[in-house]
Amino acid sequence: MAEIKLEHIHKRYENAEDYAVTDFNLDVQDNEFIVFVGPSGCGKSTTLRMIAGLEEITEGDLYIDEDVVNDVAPKDRDIAMVFQNYALYPHMTVYDNMAFGLKLRKMPKSEIKERVQKAAEMLGLTDLLDRKPAALSGGQRQRVALGRAVVRSPKVFLMDEPLSNLDAKLRVHMRTEIAKLHEELETTMIYVTHDQTEAMTLADRIVIMEAGVIQQVGTPFEVYNSP
Ligand code: ADP
Ligand code: ADP
């Protein structure tokens, strides 16, 4: 569980003239589900990547709980990120894809096995652990990508359009799965989407961005019923 605070966060990419993100301020509460929406190029991914530590912060302070983490390496942030394109290792089985991050962190094999099996059960992957990604459907691959984050039991989940490569029916199903995960794991979630229905059903609060700036922050009701 974790609180995240973004304080006057700015981002300008090297060689870019304009700021990709300007004066972004947000307090994310413990266990909150935040959804970022806004047109392509408005800075959603950039903000997520700064929180994950994958992108340097040009100006401003990022807090996780009480600490400023601007200079903390991604692997030391207790954050897991799920991407749109799954990013699975094609030569590894489902089991090894899910175990990989834990092996990197030198976790004992017995605990790795326990965690992978538990996550697999949660995500309906138990019968697929020996398969390679090429032998999985799109929905199954996305579950493995989620599983790889779940096994780490991070304080914070960041998801960058995790369902946008799925067909409409599967998207609705996986949306329910993600809501369930959030409930069971009691983690703080920050989720990027283009899909208004996803935002409305998942979010405690929605952050609407445009051209690198926050336009509005509020509950789904506040955001979609405001004049
Ligand atoms: P979104 O996720 O909302 O589509 P991004 O955060 O990807 O938006 O992009 C915000 C802005 O930053 C865009 O103008 C984009 O072109 C620019 N941008 C994104 N990544 C880079 C990069 N690696 N180098 C330079 N500019 C980038
Ligand atoms: P290594 O990295 O030493 O080659 P693996 O990563 O293949 O070993 O396996 C590590 C542990 O995970 C072993 O104890 C193995 O039995 C277990 N394991 C591997 N695949 C599965 C699976 N599909 N279901 C349950 N346990 C598995």
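Q: How far is an oxygen atom of ligand 2 from an N or O atom in the side chain of D96?
A: This is a predicted model, in which local features need pLDDT of at least 70, side-chain atom pairs count only at pLDDT 80 or more, and totals for chains, interfaces and linings use all residues. Residues are numbered from 1 along each chain as its sequence is written, chains are lettered from A and ligands numbered from 1 in written order, and side-chain values use heavy atoms, leaving out hydrogens and water. D96 belongs to the residues around ligand 2, and the distance from its side-chain N or O atom to an oxygen atom of this ligand is 3.0 Å.

Q: Which residue has a polar side-chain atom 2.4 Å from an oxygen atom of ligand 2?
A: The residues around ligand 2 (a heavy atom within 4 Å) are Y95, D96, K103, K109, K113, Q117, L129 and D130. Among them, K109 has a side-chain N or O atom 2.6 Å from a ligand oxygen, while the 2.4 Å distance belongs to K103.

Q: How far does a polar side-chain atom of T46 lie from an oxygen atom of ligand 1?
A: Ligand 1 is surrounded by Y13, A20, P39, S40, G41, C42, G43, K44, S45 and T46. The side chain of Y13 places a polar atom 3.4 Å from a nitrogen atom of the ligand, and that of K44 has an N or O atom 2.9 Å from a ligand oxygen. For T46, the distance to an oxygen atom of ligand 1 is 2.5 Å.

Q: How are α2 and α3 oriented relative to each other?
A: Helix α2, residues 94-104, packs with α3 at an angle of about 135°, their axes lying 10 Å apart. Angles under 35 degrees count as roughly parallel, over 145 as roughly antiparallel, 65 to 115 as roughly perpendicular and the rest as oblique. The two helices are therefore oblique.

Q: Which residues of α3 are met by those of α2?
A: From α2, the contact (heavy atoms within 4.5 Å) draws on Y95, M98, A99, L102 and K103. Its residues divide into eight nonpolar, no polar and three charged. On the α3 side they are I112, K113, R115, V116, A119 and A120.

Q: Which residues of α4 meet α3?
A: Helix α3, residues 109-123, and helix α4, residues 138-150, pack at an angle of about 140° with axes 9 Å apart, which makes α3 oblique to α4. The contact has five nonpolar, one polar and one charged residues. With A119, M122 and L123 supplied by α3, the residues in α4 are R143, L146, G147 and V150.

Notes. Axes fitted to C-alpha atoms, helices over the stretch in contact; angles between N-to-C directions. Helix = DSSP H or I, 4+ residues; strand = E, 2+ residues; numbered from the N terminus. Nonpolar A, V, L, I, M, F, W, Y, C, P; charged D, E, K, R; others polar. Polar contact = N/O pair within 3.5 Å; in protein donor to acceptor, adjacent residues only side chain to side chain.
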